[in-house]
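The following note sets out comments on the model for a colleague's consideration. The points are numbered so that each may be taken up separately.

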Amino acid sequence: MTLAAADGGEPLIRWDWIGDHTGQLADLTAHHLKLALLPILFGLVVAIPLGLLCARWRWLYPPTLGVANVLYGLPSLALFMLFIPYFGIGSGGRADFTIIVPLTLFSLSVLVPNVVDGLRSVPDPVRQAATAMGFGTLRRLIQVELPIAVPVVIAGARVAAVSSISLVSVGTLIGNGGLGQLFVDGYSRDFTTPIIVSCVLIIALALISDGVLVAAQRLLTPWARRGTR
Amino acid sequence: MIQFDGVTKRYVDGTVAVDDLTLQIPTGQITVLVGPSGCGKTTTLRMINRLIEPTSGTITIDGEDVRAQDPARLRRGIGYVIQHAGLFPHRTIVDNIATVPYLLGWDKKKARTTALELMERVGLDTKMARRYPYQLSGGQQQRVGVARALAADPPVMLMDEPFSAVDPIVRKSLQDEFIRLQSELRKTIAFVTHDIDEAVKLGHTVAVFKVGGVLAQHSTPDELLAAPADDFVREFLGGEKGLKRLRFNRDLDRQDEPGVEAAER
């Protein structure tokens, strides 16, 4: 395969570099995945109870949504830096939380509204029937409304996961960006191979995790009409 | 017997939904509450299982004041069927029917066995047990709704326009089967409809409501058709023309299903 040469006769991709660095690429990919997806998991753990509270006490929702939106409006880099004093800088161990905590906060701005919308998507006759059959409020939320909200919650998780996978790269600027590290490496050495490889891997990660979430939804909600989400 | 004593429901904006209602719903019979929209029939129904609380007056079931009981527990002992079935989309048909038994803490196997029996009872193929509501037609969903209300064998059933959302042919078959089922089960049933034909066909007695929640007449269908209490009732029955048609249909029904009528009376 002959790709157009960059200046100096350097090829756009050196296949042998990839072959020599498979170990490092695998490590970075795994690390990237951890930095991107743990926040989604933590985000769900926070967003589901928060969403339930907002559905139960409606007045809670506007202020909660407001806070989530303000968080989303903050530049990711600024938020990463905010947590450096608490978790430190660098890659691995405790320092990973410098990335994970801000990304968890970002994920909330997508996940909380989706949990609330999902709970509100429960048809009125269904909610009414549940009450009339003798479900208490809490039991109805957990056994009826939350399961029916799952497709909408997963739709939110898909958006949050893809955006999280792309945002991890920003962490490169503070020395912990998963596959994003390869950008810096490539730019500093004027060497295109790592840049292209990391782009391809990040896109692949996004596509695969989206596919996994779609599959998870099929498994969790066999009752959902085919063709709707 | 369900007894309403001077029950009024007034909303904070001053609207009166039900006005000083005194009404008896006899044990083992179908009492149909009928009237135009805004007449308070659904409000009346929902006060029985405390989905709505009355402003004043008392409602008792077999002498026990409903407001003295825990709402959730009270409701588990009262079957409830609504217009769009309101089935749980995420539960299979068998689990939908077993809802109240699960709430009552029955053993899962017993709950499911009961649910399967009820499927047969309401005319559903038990092969559908593992399907989800979206895979059923409107008429089948409504049957599931009835089976679900019957699952814990409650003595009282509340039905709010249960057959209104299906086409006329399916409605007729649901009504006929409902009459057959009731002749076996003899539940105390309060049945809301806006359809006077349905009221006359199903009710042992019919309570006609006026807008503003006033009870205009409560009598057997035959008395109702023979002697409407006032102009409102006459009008609601469709005037002279409507009365003629209703009386004619009633005679037809008698000839059609002598067995059912005999069993019912």
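**Comments on the predicted model**

1. In chain B, B:M159 stands opposite B:F191 in β8(B). The model under review is a predicted one, and this pair belongs to the contact between strand β7 (residues 156-160) of chain B and β8(B), which run parallel and are joined by five bridges. The connection from β7(B) to β8(B) passes through helix α7 (residues 168-185) of chain B, and this β-α-β crossover is right-handed.

2. Strand β8 (residues 188-193) of chain B has a further parallel neighbour: five bridges join β8(B) to strand β3 (residues 30-34) of chain B. Within that pairing, B:A190 in β8(B) is the bridge partner of B:T31.

3. Is β8(B) covered on its two faces? It is better to ask which residues lie on each side of β8(B). On one side are B:T188, B:A190 and B:V192, on the other B:I189, B:F191 and B:T193, and all of these are buried. This agrees with the count for the strand, in which six of six residues are buried. In a regular strand the side chains alternate between the two faces of the sheet.

4. The loop between α7 and β8 of chain B contains B:R186. This residue is not a glycine, yet B:R186 has a positive phi of about 50 degrees. B:R186 counts as partly exposed because 13 other C-beta atoms lie within 10 Å.

5. Chain B also holds an open sheet of four strands, with antiparallel pairing and the order β2-β1-β4-β5. The edges are taken by β2 (16-25) and β5 (64-65) of chain B; each has a single partner strand, so one side of each is left without a neighbour in the sheet. For β5(B), strand β4 (residues 56-61) of chain B pairs with it in the antiparallel sense over two bridges. In β5(B), B:D65 is the residue opposite B:T60.

6. Chain A has a secondary structure of nine helices and zero strands. Along the principal axes, the C-alpha atoms of chain A fill a box of roughly 75 × 45 × 25 Å. Of the 229 residues in chain A, 35% are buried. Among the contacts in chain A with a separation of 6 or more, 71% come from residues 24 or more positions apart.

7. How many residues does each chain give to the contact between chain A and chain B? Chain B contributes 18 residues and chain A contributes 15. On the side of chain B that touches chain A, the elements giving two or more residues are α2 (71-76), β6 (78-82) and α4 (99-103) of chain B. Of these, α2(B) gives the most, with four residues. That side of chain B has ten nonpolar, five polar and three charged residues.

8. From the other chain, helix α6 (residues 124-133) of chain A deserves attention in the same context. Its buried residues are A:V126, A:A129, A:A130, A:T131, A:A132 and A:M133. The buried residues of α6(A) pack against α7 (137-167) of chain A, together with α2, β6 and α4 of chain B. After α6(A) comes A:G134, whose phi is positive, near 105 degrees.

9. A second non-glycine residue should be inspected in chain A. A:D190 has a positive phi of about 55 degrees although it is not a glycine. A:D190 lies in the loop between α8 (181-188) and α9 (192-220) of chain A. With 10 C-beta neighbours inside 10 Å, A:D190 counts as exposed.

10. Two annotations come from unreviewed UniProt entries. "Domain: ABC transmembrane type-1" covers residues 29-213 of chain A, a span that is 80% helix and 0% strand, with end C-alpha atoms 18 Å apart. "Domain: ABC transporter" covers residues 2-237 of chain B; this span is 37% helix and 25% strand, and its end C-alpha atoms lie 26 Å apart.

11. On confidence, the predictor gives the complex an ipTM of 0.87 and a pTM of 0.85. Chain B averages a pLDDT of 93, and 96% of the residues score at least 70. Over residues 258-265 of chain B, however, pLDDT stays under 50, and the model has seven contacts beyond four places in sequence for this stretch.

Methods:
Residues numbered from 1 in each chain as written. Chains lettered and ligands numbered in written order. UniProt positions renumbered as here; feature names shortened; annotations may be inferred. Contact = placed C-beta atoms within 7 Å. Nonpolar A, V, L, I, M, F, W, Y, C, P; charged D, E, K, R; others polar. Buried ≥ 20, exposed ≤ 12 C-beta atoms within 10 Å, placed from the backbone. Pairing = 2+ DSSP bridges. Right-handed = clockwise from strand over helix to strand, strands pointing away. pLDDT = per-residue confidence, 0-100.
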